[in-house]
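Subject: Structure for your review

Dear colleague,

Please find below the structure that I am handing over to you. My findings follow directly after it.

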Amino acid sequence: MKFSPYTDLALETAENICRSASAEGVSMKTEKPNLKNTTITSVNITSQKGAETMGKPCGTYITLESSYIKENDIEAHEELISILSKYIKSLCPKNTKTTLVIGLGNYQVTPDALGPKVVDKVLVTRHIKESVPQDINNSVSSVAALAPGVMGMTGIETVEVVKGVTDHVKPDLVIAVDALAARKVSRVNSTIQLSDTGVAPGAGVGNKRKTIDKETLGVPVIAIGVPTVVDAATMANDTIERVIEALLSESKKGSSFYNMLKDTAEEEKYSLIREVLDPYAENMFVTPKEVDAVMENLVNIISNSINIALHPGIEPNDINRYKF
């Protein structure tokens, strides 16, 4: 497998693998919806061999990329909500009656606040499902939501909190929302990944905790993640690669300097960068300065997509009618 810095996105791992050769047990398909500057890529891992190659569990990974996520374009966001809700619904098991939505992350740290902020805007109905009027009762399903916080604040492993609530509520499905890390800066805050394989809280910043998945909870788990940060060493590595490309174009072919640049292995470069950065910026992750504004867009798109996917009678135009 070709060396690549860390990423939570199955799409980026698959791109790296499929660039050199086809991978057994891994398939990738890209579609373009009727919204420009938007693509949807499905990565399916169908065998243990594929899982080992990808470093991810067998399952389906759907990635929505759109430049409109960062823009204040209400019409484009409505279209993205429509697209995303359909894919969320496609991953939901049939006859799902009760869903538990989990918002992973730290509300006090903006790049890590995606999960808790989404939970704030999810339409929760489990506590009133049986007491609402009949005409509304037929339009909504039973939904509960929880933001369990992070271990550094609670002293409790996140999976322990989620497991305890799951055992008590007994949902048919768990949807976990979390922040991730990307390999490419261009994908930060402009990409949404869905998967049916669960999630490891803290993975995006290299602080991976116990996995929240079907094996752990006993019910299917859909993970929704957005890369909000990128590793500082990855950014430095990309910059150096561009410098090397520029130097190669200016250097004489066959010269010792040219050959030295050309033969420098990617892994060697990345390891050297980490070695240089570690004394000053060990485990540093960076996020764009406009993360606050973009986070609100992401929260709106993801929360409304979940609401539409889970509640059968709610259409995009009905969302605000159910807000209190």
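How many disulfides does a search of the whole structure find? The search finds zero. A disulfide is a covalent bond between the sulfur atoms of two cysteines. Please note that this is a predicted model. As for individual cysteines, C58 is partly exposed, with a relative accessible area of 38%, whereas C92 counts as buried at 15% relative accessibility, since the cut-off for buried is under 20%.

Strand β6

Strand β6 covers residues 173-182, and 10 of its 10 residues are buried, so the strand is largely enclosed by the rest of the structure. Both of its faces take part in this: L173, I175, V177, A179 and A181 point one way, while V174, A176, D178, L180 and A182 point the other way, and all are buried.

Strand β6 also has two strand partners to report. With β4 the pairing is parallel and runs over five bridges; with strand β8 (residues 221-231) the pairing is again parallel, over nine bridges. A176 of β6 appears in both pairings: A176 is the bridge partner of I102, and A176 stands opposite A223 in β8.

The loop after β4

N106 is found in the loop that connects β4 (98-103) with α4 (114-121). Is N106 buried or exposed? With a relative accessibility of 13%, N106 counts as buried, because the cut-off is under 20%. A polar atom of the N106 side chain lies 3.0 Å from the backbone nitrogen of Q108. Leaving aside residues up to four places away in sequence, N106 touches D112, A113, P116, V150 and M153.

Helix α3

Helix α3 (residues 74-91) is built from 18 residues, and the distance from its first C-alpha to its last is 26 Å, close to the 26 Å expected at 1.5 Å a residue. At the start of the helix, a side-chain oxygen of D73 comes to within 3.3 Å of the backbone nitrogen of E75.

Which residues of α3 are buried? They are A76, H77, L80, I81, I83, L84, S85, I88 and L91. The elements that cover these buried residues include the strands β2 (38-45), β3 (59-66), β7 (191-195) and β8, together with α12 (291-310). Strand β6, described above, is also among the elements covering the buried residues of α3.

Yours sincerely

Technical notes: Residues numbered from 1 in each chain as written. Predicted model: local features only at pLDDT ≥ 70, side-chain atom pairs only at ≥ 80, totals over all residues. Heavy atoms only, no water. Disulfide = S-S within 2.5 Å. Buried < 20%, exposed > 50% of the residue type's maximum accessible area, 1.4 Å probe, protein only. Helix = DSSP H or I, 4+ residues; strand = E, 2+ residues; numbered from the N terminus. Polar contact = N/O pair within 3.5 Å; in protein donor to acceptor, adjacent residues only side chain to side chain. Contact = heavy atoms within 4.5 Å. Pairing = 2+ DSSP bridges. Expected span 1.5 Å × (residues − 1).
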